[in-house]
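This briefing is for a reader who has not seen the structure before. It takes up a strand pairing, the surrounding sheet, the ligand site and some unusual backbone points.

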Amino acid sequence: MAAPWEDVLRDEPAIQEAASVAVDAALLEGVLMRTEGEPNASDVVNYAPFTLLPSAVPTVLFEQAYAVQQDFNLLVDAISQNKEFLEDTLASTIKVDDFTAQLFRIHVQVLEEGLAQSVFLGINRSDYMFDCGVDGTPALKQIEINTIAASFGGLTSRTAAVHGQVLKMLGKSKEASRLLPNNPSKGLALGIAKAWELYGSQSAVVMFLVEEVQRNIFDQRCVENELWNRNIRVIRKRFRDVFEKGSLDDAKRLYMDGQEVAVVYYREGYVPKNYDQQNWEARLLLERSRAVKCPDIATQLAGTKKVQQELSRPGTLERLLPGRAEAVTRIRATFAGLYSLDVGEEGDKIAAMAIADPDQFVLKPQREGGGNNLYGEELRQVLEKIRDSPERTSYILMDKIKPQPAINYLLRAHSPLQVSECISELGIFGVYVRQGKEMVMNKAAGHLLRTKAIEHADGGVAAGVAVLDTPYLV
Ligand code: ADP
Ligand code: MG
């Protein structure tokens, strides 16, 4: 699956020139991020890191990833409505993982009080790598599905233009014309707009719940602007603002500063450090409200690593998606080996297997945002330490996916241009809207390709490891 520009990769003067043009093109197209030094001001901005060249992606796997996205939307939605499944699946995890336990407590509390929300909006991103089998044929394998704050749907829509220009400069106009248009932020905004419309109050706003540190604001602005273009008002607030100024009326309508909120779109709230006591209270207030939460807390729980692992057990998908045998087959085809480390014989065997051959596996805690997983020798040491303790149930084990590396250049502000052996991760954005029991929208909304140098086992774009890329289908 080599890209048809191997010939130019070693032409250093041409690469240097293309890189400086690429950076300017990225700035002009809006592939932007605020700086680490001034994450809450836009006076000085950088380009978001990206590859100099697009990366080759096998057409069949790209199409397979799109084809299974609506199935994943249905699956996530089904899990979020299945109280027993979430309870059984997370029972062992919440005994040892405080963060998941706190989310789960809010989930149970809002169910006991009775859900005020009747319109549901899911925005997720299912991420894959191309596993290189023994015979060298790549296979699509899911890394995880993100059901909260899945990012880069905005910035990724701007990389194709940048990469097109680079290819043209390098004498590859025909290849440039084959890069696919892609705009997830529009698809996400259409989902938010649909949820807003079904909520049914013309004067209500959409609230983006944002982090204290807002380096990735331009990515969010892409979605925001799509909403403003449709005459839907957007406000940006933090948990702190909700704690101070949020309230519910008798009908559990949510108000911020006197404005009714129809949709809460979380770009925050997925890691423990996002919460202090006040923020948890704010989260509870939001979850209790009638407003459409994207995601509601049950859907956030549906995206945990523990749930992912349980889905791979024989029979689970059939139980969650009755009468949808084809969807089940499509979903299962993307699963890598996933293993429970719950206390008991099965977990003992799995732990021993991983300790004996740590390079074949990844050990994952219930965390999001990159940089949390354990590999190789570190995996072995940690697992040996906790193998006889219930603490091990806060992790799941997964087969390590081994893609075929390819050569590329990673462009990052203030870093020298350097050739790297790279691997890529493809994400497909999914959007769905449900009103009561009826699915009124279920779509794949676009894609994201992220690429990193092989020496980094883990970490996303925000973590400073992966960079934005554009797929070139081969
Ligand atoms: P997070 O929620 O932190 O994003 P992920 O499951 O996506 O957790 O893992 C983070 C990164 O670790 C991925 O982007 C990928 O680079 C790497 N990774 C995760 N699972 C595997 C795996 N099974 N095989 C190889 N690499 C993996
Ligand atoms: Mg991830």
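**Briefing**

L338 has M398 of strand β16 as its bridge partner. The model is predicted, and the values below are computed from it. The points start with the sheet that holds this pair and then turn to the ligand, a further set of paired strands and the backbone.

**The four-stranded sheet**

- β13 and β16 run antiparallel and are joined by three bridges.
- These two strands belong to an open sheet of four, in the order β13-β16-β14-β15, where the pairing is antiparallel.
- At the edges stand β13, residues 338–340, and β15, residues 374–375, each of which pairs on one side only.
- Helix α17, made up of residues 345–356, lies across β13, β14 and β16.
- The direction of α17 makes an angle of about 125 degrees with β13.

**The surroundings of ligand 1**

- The shell around ligand 1 holds 22 residues, and the closest of them are K305, K364, G370, E425 and K452.
- By class, this shell has 10 charged, seven nonpolar and five polar residues.
- Two strands of the sheet above, β14 (361–365) and β16 (395–399), each supply at least two residues of the shell, as does β6 (138–146).
- Backbone atoms of the protein also come close to polar atoms of the ligand: a nitrogen atom of ligand 1 lies 2.8 Å from a backbone N or O atom of I401.
- For R367, a backbone N or O atom is 3.4 Å from an oxygen atom of ligand 1.
- A polar backbone atom of G369 is likewise 3.4 Å from an oxygen atom of ligand 1.
- The ligand taken alone exposes 540 Å², and the protein buries 95% of that area.

**Strands β3, β17 and β18**

- β17, residues 406–411, pairs with β3, residues 50–51, in the antiparallel sense over two bridges.
- Within this pairing, L410 of β17 is the bridge partner of T51.
- β17 also pairs with β18, residues 419–435, again antiparallel, over four bridges.
- In the pairing with β18, V419 stands opposite Y409.

**Backbone points to look at**

- Most peptide bonds are trans, and most residues other than glycine have a negative phi.
- The peptide bond between C294 and P295 is cis, with omega at about 5 degrees.
- P295 sits in the loop that runs between β12 (292–294) and α13 (297–302).
- A149, a residue other than glycine, has a positive phi, near 55 degrees.
- The loop between β6 and α7 (159–169) is where A149 is found.
- β6, at one end of that loop, is also a strand that supplies at least two residues of the shell around ligand 1.

Conventions:
Residues numbered from 1 in each chain as written. Chains lettered and ligands numbered in written order. Predicted model: local features only at pLDDT ≥ 70, side-chain atom pairs only at ≥ 80, totals over all residues. Heavy atoms only, no water. Near = heavy atom within 4 Å. Polar contact = N/O pair within 3.5 Å; in protein donor to acceptor, adjacent residues only side chain to side chain. Areas by Shrake-Rupley, 256 points an atom, 1.4 Å probe, with all protein chains shown as cover. Nonpolar A, V, L, I, M, F, W, Y, C, P; charged D, E, K, R; others polar. Pairing = 2+ DSSP bridges. Contact = heavy atoms within 4.5 Å. Axes fitted to C-alpha atoms, helices over the stretch in contact; angles between N-to-C directions.
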